[in-house]
Amino acid sequence: MFRILQRHYQAFLDVIKWQLTSRAEFERLLAVDPDTLTDLERAARFLYLQRTTFGGTVSGRNFGVSRTASARFDLTKLVPMLEDVHERLARVVIERLPYGDFIDRYDTPGALFYLDPPYWNCEKDYGPGVFERADFERLAHQLGKIAGRFVLSINDTSGTREVFADFNIAVVPNRYSMAVKSTGTAKHVTELIVSNV
């Protein structure tokens, strides 16, 4: 999607400009095999599903709707955001590498990596084989040897505290609003900001 926004922005807007938010369209696009689509169609499908999925999850997607808010796929809000992304992407190089290869390739004394791995106990949320529990150990080991700096955000669990114990850890409060639908209140939690800074 970022490549499309960078290089084919206007054509992308033409693909999404008549898109409506509906459960039927959500279910139709969810059932479509992305390999059968053009790059523009695949990017539009991805954006639509991410915007209309409850919580923006990738696996176990459910149609998200609110009785009190506007449609989740609201072009009046999306187009200005996409324009900002398009302008920002005009000056960047997009890489698609496994995290270990990416860190190895770009690590220098002046590098700053921001890392946002899946949450502990949520490793499978991004699809099978994308990130495994053992990847936390591999990532921590690699980060312990880099020449640059890093900042990593992760949920606060005994596992994450143990794996990243050799680094600076700041505990920050956070509020999970996804719990509001089932419990009526947001869940107050703590997250960790891990760094070598």
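**Pocket, core and strands**

User: Which element gives the most to the lining of the largest pocket?
Analyst: On a 1 Å grid over the protein atoms alone, a pocket is an open set of points where a 1.4 Å probe fits, with protein on both sides within 12 Å along at least five of seven lines; lining residues have an atom within 4 Å of a point. α1 (2–7), α4 (39–52), α6 (99–106) and β1 each supply at least two lining residues. With 6 residues, the one that gives the most is α4.

User: What kind of model is this?
Analyst: Residues count from 1 along each chain as its sequence is written, and side-chain values use heavy atoms, without hydrogens or water. Local features need pLDDT of at least 70, side-chain atom pairs count only at pLDDT 80 or more, totals for chains, interfaces and linings use all residues, and the model is predicted.

User: What volume does the largest pocket have?
Analyst: The lining holds 36 residues, and the closest to the pocket centre are Phe2, Glu95, Arg96, Leu97 and Val130. Grid points are joined across faces, edges and corners, and probe spheres set on them fill the volume. For the largest pocket this comes to about 1900 Å³.

User: How many helices and strands does the protein chain have?
Analyst: Elements are DSSP runs numbered from the N terminus: helices (H or I) of at least four residues, strands (E) of at least two. Their order from the N terminus is α-α-α-α-α-α-β-α-β-α-β-α-β. The totals are 9 helices and 4 strands.

User: Which residues of β1 are buried?
Analyst: Buried means under 20% relative accessible area, exposed over 50%, with partly exposed in between (1.4 Å probe, protein chains only). Strand β1 spans residues 112–115, and its side chains alternate between two faces. Leu112 and Tyr114 point to one face and are not buried. On the other face, the buried pair is Phe113 and Leu115.

User: In which sense do β1 and β2 pair?
Analyst: Strands pair if DSSP finds at least two bridges between them. Here β1 and β2 (149–155) share 4 bridges. Leu112 has Arg149 as its bridge partner, while Leu115 stands opposite Leu152. The sense is parallel.

User: What is the hand of the β-α-β crossover from β1 to β2?
Analyst: The chain leaves β1, passes through helix α7 (133–143) and enters β2. With the strands pointing away from the viewer, a clockwise path from the first strand over the helix to the second counts as right-handed. This crossover is right-handed.

User: How do β2 and β4 run?
Analyst: β2 is mostly covered, with 5 of its 7 residues buried. It is joined to β4 by 5 bridges, and Ile154 stands opposite Leu192. The two strands run antiparallel.

User: Which element gives the most to the largest nonpolar core?
Analyst: A nonpolar core is a set of buried Ala, Val, Leu, Ile, Met, Phe, Trp, Tyr and Cys residues joined through side-chain atoms within 4.5 Å. The largest has 19 residues, and Leu115, Leu143, Phe150, Leu152, Phe164 and Val194 touch the most other members. β1, α7, β2 and β4 (187–195) each supply at least two residues. With 4 residues, the one that gives the most is α7.

User: How many residues form the second, separate core?
Analyst: Its members include Ile4, Phe26, Tyr48 and Phe63. This core is separate from the largest one, and its size is 18 residues.

User: What relative accessible area does Leu192 have?
Analyst: Leu192 sits in strand β4. Its contacts (heavy atoms within 4.5 Å) include Leu152, Ile154, Ile169 and Val171, not counting residues up to four places away in sequence. Leu192 is buried, and its relative accessible area is 0%.

User: What phi does Asn121 have?
Analyst: Most residues other than glycine have a negative phi. Asn121 lies in the loop between β1 and α7 and is exposed, with a relative accessible area of 57%. Although it is not a glycine, Asn121 has a positive phi of about 75 degrees.

User: How many Å apart in space are Ala90 and Arg7?
Analyst: Ala90 lies in the loop between α5 (75–89) and α6. Ala90 is exposed, with a relative accessible area of 55%. Ala90 and Arg7 are 83 residues apart in sequence, yet C-alpha to C-alpha they are apart by 8.1 Å.
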